[in-house]
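Student: Could you walk me through how the two chains meet in this entry?
Tutor: Certainly; please have the structure open while we talk.

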Amino acid sequence: MPTFLILAVLVITIILAGLVVARPALTVARGGKVLAFLAFFIFPVFAGLLGLENHMERSKQTSFCLTCHIMGQYGRSLYVDDASYIPAAHFQNGRVPRDQACYTCHTDYTIFGTFSSKLKGLHHIYAQYITKPQQPIKLYHPYNNRECLHCHEGSRSFEQGALHTADAQTMADIKSNKLSCLSSGCHDTIHNVQNLDHAKFWKPEQ
Amino acid sequence: MENQSNTIHSRLRLAGGLIILGLIVQALSLLWNHPLSFIAFTAIGGLLLAIGIVLYLLAVVNMAASKPEDGTGVQAHSRQS
C-alpha cells in the first residue's frame with residue numbers, strides 16, 4: 001500500500017482518538033463506546049500493521065541498506081566494470097532488481113530471517129550507532145547456495161554448464177549446499193571491497 | 001461515583017494520549033527511509049501504541065466490572081453524565 005494512504009489512515013485514527021480524548025464523556029453512549037473501540041483499538045492496530053508492512057517492504061530497498069556508512073563500499077562494488085564481480089554483473093545486467101539488489105541475494109538477513117537474525121539486525125544498529133562495526137564485516141554464516149539456486153536452478157546455463165556437470169556428484173553437491181557456488185576457482189569474486197580503489201566503474205546512462 | 005467516572009475518563013485520556021503519540025511517531029517514521037526509522041516505528045511507536053491499547057482495554061474492563069456493583073442495573077459511569 002502506498003505510504004500516503006497509510007499516512008491517511010494514521011491521520012484519521014489520530015483524529016478519531018483525539019475526539020475521544022477531548023470528550024471522553026462520549027463513551028457514555030453506546031455509539032461513543034463503539035467510536036472509542038474503533039479509535040483506540042481497531043484503527044491503531046490496523047494502521048500499525050499497515051505501517052509495519054510498509055517498513056518491511058522499504059527495508060528491502062538497496063537505498064535502505066546503503067544508508068549505513070559501512071555498506072557504502074558494498075554499494076559501490078555493484079558498479080564495478082568487471083563481469084567477474086558476481087554482484088556487479090547481476091546488478092548491472094538486471095539479473096536482480098536494482099532497487100532490491102541486496103535483499104534479493106541476502107533474503108535471510110537480519111529482519112527478514114529468523115528471530116535470531118532479527119536480533120542480529122538490532123545488533124547491527126547498535127554497532128553502527130553506539131560502538132564501531134568490526135572491520136572487515138563478515139556474513140554470520142557461509143553464503144548459502146539456496147540464494148543462487150532460487151533463480152539459477154532449472155536454467156540451461158546452470159543445469160548444462162560444463163563444470164557443473166563435470167561429474168554427477170558436483171551438481172548434487174552444489175544443490176545440497178555442500179559445494180559452495182563461491183568456492184575458489186568458481187564464482188569467487190564477490191564484492192571484493194578491498195580492491196575497489198583499483199577497479200574501473202560502470203556509469204549507467206541517465 | 002463521580003470519582004469513578006472521572007477515573008475512567010482520565011484513564012481513557014491517558015490511553016488515548018499514548019495511542020496518539022504512538023501514531024504520530026509511526027507517521028513520522030514513515031517519512032524517513034532509514035534503519036533508525038524502523039526502530040522508531042517498532043520500539044517507540046509500537047510500544048506507546050501497545051501501552052495505550054492495554055490501558056484502554058483495562059479501562060473497559062474496569063467499566064464493565066463496576067456495573068454489577070451498582071444495584072440499580074444502571075452503569076455508574078453512565079449515570080454521571
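**The interface of chain B and chain A**

Student: How many salt bridges does the rule find across the interface of chain B and chain A?
Tutor: The rule finds zero salt bridges across that interface. Please keep in mind that this is a predicted model.

Student: And how many residue pairs are in polar contact across the interface?
Tutor: Seven residue pairs are in polar contact there, with both residues at pLDDT 80 or more.

Student: Which helices of chain B supply residues to the side that touches chain A?
Tutor: Helix H1 (2–30), helix H2 (35–69) and helix H3 (76–79) of chain B each supply at least two residues. H1(B) gives the most, with 13 residues.

Student: What kinds of residues make up that side of chain B?
Tutor: The side of chain B that touches chain A divides into 19 nonpolar residues, 13 polar and one charged.

Student: How much area do chain B and chain A bury between them?
Tutor: They bury about 3,000 Å² between them, and 78% of this lies on carbon and sulfur atoms. On the side of chain B, Leu30(B), Asn33(B) and Phe38(B) lose the most area to chain A, together 23% of what that side buries.

Student: How many residues does each chain bring to the contact?
Tutor: Chain B brings 33 residues and chain A brings 39 residues.

Student: Changing topic, what is the secondary structure of chain B?
Tutor: Chain B has three helices and zero strands, and from the N terminus its elements run α-α-α.

Student: What share of chain B counts as buried?
Tutor: Of its 81 residues, 42% count as buried.

How values were computed
Residues numbered from 1 in each chain as written. Chains lettered and ligands numbered in written order. Predicted model: local features only at pLDDT ≥ 70, side-chain atom pairs only at ≥ 80, totals over all residues. Heavy atoms only, no water. Helix = DSSP H or I, 4+ residues; strand = E, 2+ residues; numbered from the N terminus. Buried < 20%, exposed > 50% of the residue type's maximum accessible area, 1.4 Å probe, protein only. Contact = heavy atoms within 4.5 Å. Buried area = accessible area lost by both parts, 1.4 Å probe. Salt bridge = Lys/Arg side-chain N within 4 Å of Asp/Glu carboxyl O. Polar contact = N/O pair within 3.5 Å; in protein donor to acceptor, adjacent residues only side chain to side chain. Nonpolar A, V, L, I, M, F, W, Y, C, P; charged D, E, K, R; others polar.
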